[in-house]
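Open the model in your viewer with the cartoon and the side chains available, and follow the stops below in order.

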Amino acid sequence: MFNIKLPLPRSITAWKGVPHHEEVDDNPLQHEGRVRSFKHERGNWATLIYIDYEPSEDMLSWMFSVLGEVPVKCNIFSEQFHISLSRTLILKFHWIESFVEETKKLCEQTDQFNLELLNVRAYTNEEKTRTFLGIECIDCKGVLGHFVKNVNKLLAEYDLPAFYEDSSYHVSFLWCLGNELSILDDQARFLTIKLNQFLIEHAEARYINVNKIYLKIGNKLYVFKLR
């Protein structure tokens, strides 16, 4: 028998921004001391489903003001602000096409909704290597919870982990190295009061209109509109 190497489907090879092989240098010094949660391997693609969040200039100023309120050295997020709707997943290359299509279908079946900013909470990543301050938010109509439930069903089909059972939807805006949860937790109550004072003065910043869902696979970004 001969081993015949089949070509990749054109629908995959035509994608821009998704190179099949990519060498990654996991040097923490190049990422402000942050450590990758999992080892990069060829054919495995870091994947995240999330809501994009663009804070107003006033909200961004409020976030920067918190830097002077916390007793540990923190950094403002220099990357895109977002609300995670999944863990950081490992997607096999040959799953990408079907996973994208199924996620798109879920979005097309989901209504647009609003999120309300509530309070400040402290979080850590699973490895306890970083601690975050985030603004917790809620969807009073339950659309988001229903969407994430359907996403979890999709993930189960790929034998991927579901989102956290005690999930707290939030926008992380500050981070620091190490497990500083107890220290930042003590600050959360005071910062929540400060946040609520800000939202009273800037009522337009209290709500986030969600009309799109973002899916990032490797360095390829997909944006799906909600109905």
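Contact here means heavy atoms within 4.5 Å. With that in hand, start from the whole chain, which is a predicted model: among its contacts with a separation of 6 or more, residues 24 or more positions apart account for 79%. The protein has 5 helices and 10 strands, and 40% of its 227 residues count as buried.

**Stop one: strand β1**

Select residues 44-52, which make up β1. Of the 9 residues in this strand 8 are buried, so β1 is largely enclosed by the rest of the structure. Then add its partners in turn. β1 pairs with β4 in the antiparallel sense over 4 bridges, and a place to look is tryptophan 45, whose bridge partner in β4 is leucine 91. Another 4 bridges join β1 to β9, again antiparallel, with isoleucine 49 set against leucine 215 of β9. Strand β3, residues 82-84, pairs with β1 as well, antiparallel and over 3 bridges; here aspartate 52 has histidine 82 as its bridge partner.

**Stop two: helix α3**

Next, select the 13 residues of α3, which reach 18 Å from the first C-alpha to the last, close to the 18 Å expected at 1.5 Å a residue. Colour Ile96, Phe99, Val100, Thr103, Leu106 and Cys107, the buried residues of this helix. Where do these buried residues fall when you look down the axis of α3? They lie within an arc of 125°, so they line one face of the helix. The elements that cover them include β1, β4, α4, β9 and β10, and so this stop leads back to the strand you have just left, since β1 is among the covering elements and is itself largely enclosed.

Within α3, zoom in on threonine 103, which is buried at a relative accessible area of 1%. Leaving aside neighbours within four places in sequence, threonine 103 is in contact with Leu154, Leu215 and Phe224. Leu215 is the residue of β9 that you met as the bridge partner of isoleucine 49.

**Stop three: aromatic pairs**

Show the aromatic rings now; the count comes to 10 aromatic pairs. In one of them, tryptophan 62 and phenylalanine 198 have ring centres 6.3 Å apart and planes at 35°; an angle between 30 and 60 degrees is neither stacked nor edge-to-face, so the pair is tilted. This pair links distant parts of the chain, with tryptophan 62 in helix α2 (residues 57-66) and phenylalanine 198 in helix α5 (residues 181-201), 136 residues apart. Tryptophan 62 is buried at 6% relative accessible area, and phenylalanine 198 is buried at 8%.

Keep α3 in view for another pair, phenylalanine 99 and tyrosine 158, whose ring centres are 5.4 Å apart and whose planes stand at 75°, so that the pair is edge-to-face. Phenylalanine 99 belongs to α3, while tyrosine 158 is in the loop between α4 (143-157) and β7 (170-177), 59 residues away in the chain. Phenylalanine 99 counts as buried at 0% relative accessibility, and tyrosine 158 counts as buried at 12%. Finally, add Phe173 to the selection, as ring pairs link Trp62, Phe173 and Phe198 into a cluster.

**Stop four: strand β7 and tryptophan 175**

Select β7, which is mostly covered, with 6 of its 8 residues buried. Strand β6 (residues 130-138) pairs with β7 in the antiparallel sense over 7 bridges, and 2 bridges join β7 to the antiparallel strand β2 (residues 75-76). Centre on tryptophan 175: asparagine 75 stands opposite this residue, and phenylalanine 132 has tryptophan 175 as its bridge partner. The charged end of arginine 130 sits over the ring of tryptophan 175, 5.3 Å from its centre. For another charge over a ring, select lysine 220, which lies over the face of tyrosine 222 at 5.7 Å from the ring centre.

**Stop five: leucine 181**

End in helix α5 with leucine 181, which at 28% relative accessibility counts as partly exposed. What does leucine 181 touch, not counting residues up to four places away in sequence? The contacts are Ala122, Tyr123, Thr124 and Thr131. Taking the last of these, threonine 131 is 50 residues from leucine 181 in sequence, yet the two are 6.2 Å apart in space, C-alpha to C-alpha.

Notes
Residues numbered from 1 in each chain as written. Predicted model: local features only at pLDDT ≥ 70, side-chain atom pairs only at ≥ 80, totals over all residues. Heavy atoms only, no water. Phe/Tyr/Trp six-rings, centres within 6.5 Å; stacked < 30°, edge-to-face > 60°. Buried < 20%, exposed > 50% of the residue type's maximum accessible area, 1.4 Å probe, protein only. Lys NZ or Arg CZ within 6 Å of the ring centre and 35° of its normal. Pairing = 2+ DSSP bridges. Expected span 1.5 Å × (residues − 1). Arc of directions from axis to C-beta.
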